[in-house]
Amino acid sequence: MRALVARRLDGPEAIELIETDVPEPAAGQVRIKVAAAAVNPVDVAVSTGVLVEFGLTAPREQFGLGWDVAGTVDAVGPGTQARTKDAVIGVADLLAQTLKTHAEYVVLDADAVVRAPEGLDLTRASTFGLNGLTALQAVKALPGETVLVTGAAGGVGGYAVELAKHAGQTVIASAAARDEELVRRLGADHFIDRNEDLAAAVRRITPAGVDGVVDAAVVGIAAQEAVRNGGRHVHLQGGPRPPQLRGITVEQLFVHTNRDDLEELKRLVEAGVISTRVAETYHLDEAANAYKRLAAGGVRGRLVLVP
């Protein structure tokens with residue numbers, strides 16, 4: 001089979017499409033014939049070696065690429081409760097893998113896979129797993145009435161806006177000025193241009209500060225300054241952890257895949273709470289172009305690879 005890997009860690013130009021054996025599922029695992037696999041910023045980060053530099057994974061000769069996947073179950077390991085030919089989605093959350101979802105086949109733990117949403121084509125179904133899980137786990141960590149979301153036009157930020165609004169919270173969203181219409185359509189009650197003084201702008205809306213922030217843009221302390229005393233700051237892995245000032249709890253979040261959250265996400269997609277946005281599709285042998293486009297910034301929606 002063909003699979004996309006990173007060996008030299010010199011960025012999108014250096015990723016390689018290799019020929020390798022089709023992987024076999026072990027006990028508790030399923031093999032998926034890939035129909036579509038979204039490209040995420042973490043994939044670009046792996047290809048550049050940033051995650052090794054941050055100490056999030058040890059160096060190795062080869063990194064598999066791809067976290068999101070949609071496809072059909074092709075084989076199951078011993079004792080696995082799954083059916084072949086089922087349409088499924090999954091998330092590969094382990095960094096230390098030599099082969100991942102940007103391939104023709106992928107093996108995942110059965111708990112990282114659920115049935116695909118009813119009525120959704122597999123290309124769109126490949127776009128929400130990683131970002132939706134991250135946003136869901138972030139919003140769940142933020143009790144309170146008011147939430148600030150930075151990077152609100154991006155994958156995680158956009159889902160955080162939708163999920164917080166669905167939870168009944170008042171959402172203040174920060175993004176580029178050109179994205180205001182999109183962010184308001186996702187459900188934001190208030191919009192702040194990311195070039196403004198974030199804390200000052202938030203406190204004009206709610207003088208004491210928000211109850212919590214989902215810092216999807218990894219702004220850091222500038223986002224925390226918008227939080228009330230004793231509030232919560234969900235810091236997404238990818239930058240230095242900010243200090244805990246004024247009694248604020250800093251929750252450092254690295255997404256973890258589990259069946260319950262994936263099932264909940266699927267139901268939210270089926271109910272129309274979570275949107276799916278495909279920016280463009282690329283064939284697997286055009287993957288470097290998709291990676292370079294994502295690295296350049298400004299993509300709204302997901303770029304998707306199809307074998």
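In this predicted model, the axes of α1 and α10 come within 10 Å and cross at roughly 105°. Because angles of 65 to 115 degrees count as roughly perpendicular, α1 is described as roughly perpendicular to α10. Both α1 (41-48) and α10 (287-296) also supply at least two residues each to the lining of the largest pocket, and that pocket is treated below, together with the second largest pocket and an open sheet of 3 strands.

**Contact of α1 with α10**

- On the α1 side, the contact is made by Pro41, Asp43, Val44 and Ser47, and these residues meet Tyr291, Leu294 and Ala295 in α10.
- By class, the residues of this contact divide into 5 nonpolar, 1 polar and 1 charged.

**Largest pocket**

- The largest pocket has a volume of about 1,000 Å³, and of the 44 residues that line the pocket, Pro41, Val42, Asn131, Val156 and Ala216 are the closest to its centre.
- Pro41 thus appears in two settings, since this residue of α1 takes part in the contact with α10 and is also listed among the residues closest to the centre of the largest pocket.
- Besides α1 and α10, the helices α2 (50-53), α4 (129-140) and α5 (155-166) each supply at least two residues of the lining, and the largest share, 4 residues, comes from α5.
- The lining of the largest pocket comprises 26 nonpolar, 13 polar and 5 charged residues.

**Second largest pocket**

- The second largest pocket holds about 350 Å³ of space, and its lining consists of 20 residues, of which Leu94, Gln97, Val107, Leu108 and Asp109 lie nearest the centre.
- Strand β7 (residues 105-109) contributes the largest share of this lining, with 5 residues.
- When the lining of the second largest pocket is sorted by class, 12 residues are nonpolar, 4 are polar and 4 are charged.

**Open sheet**

- The open sheet is formed by 3 strands in the order β2-β1-β4, with antiparallel pairing, and its edge strands, β2 (16-19) and β4 (63-64), each pair on one side only.
- Strand β1 (residues 2-6) runs antiparallel to β4 and is joined to that strand by 2 bridges, while alanine 6 stands opposite phenylalanine 63 in β4.

Methods: Residues are numbered from 1 along each chain as its sequence is written. This is a predicted model: local features need pLDDT of at least 70, side-chain atom pairs count only at pLDDT 80 or more; totals for chains, interfaces and linings use all residues. Side-chain values use heavy atoms; hydrogens and water are left out. Two strands pair if DSSP finds at least two bridges between them. On a 1 Å grid over the protein atoms alone, a cavity is a set of points where a 1.4 Å probe fits but cannot get out, and a pocket is an open set with protein on both sides within 12 Å along at least five of seven lines; lining residues have an atom within 4 Å of a point. Grid points are joined across faces, edges and corners, and a volume is the space filled by probe spheres set on the points. Ala, Val, Leu, Ile, Met, Phe, Trp, Tyr, Cys and Pro count as nonpolar, Asp, Glu, Lys and Arg as charged, and the others, Gly among them, as polar. Axes are lines fitted to C-alpha atoms, for helices over the stretch in contact, and angles run from 0 to 180 degrees between N-to-C directions. Angles under 35 degrees count as roughly parallel, over 145 as roughly antiparallel, 65 to 115 as roughly perpendicular and the rest as oblique. Contact means heavy atoms within 4.5 Å.
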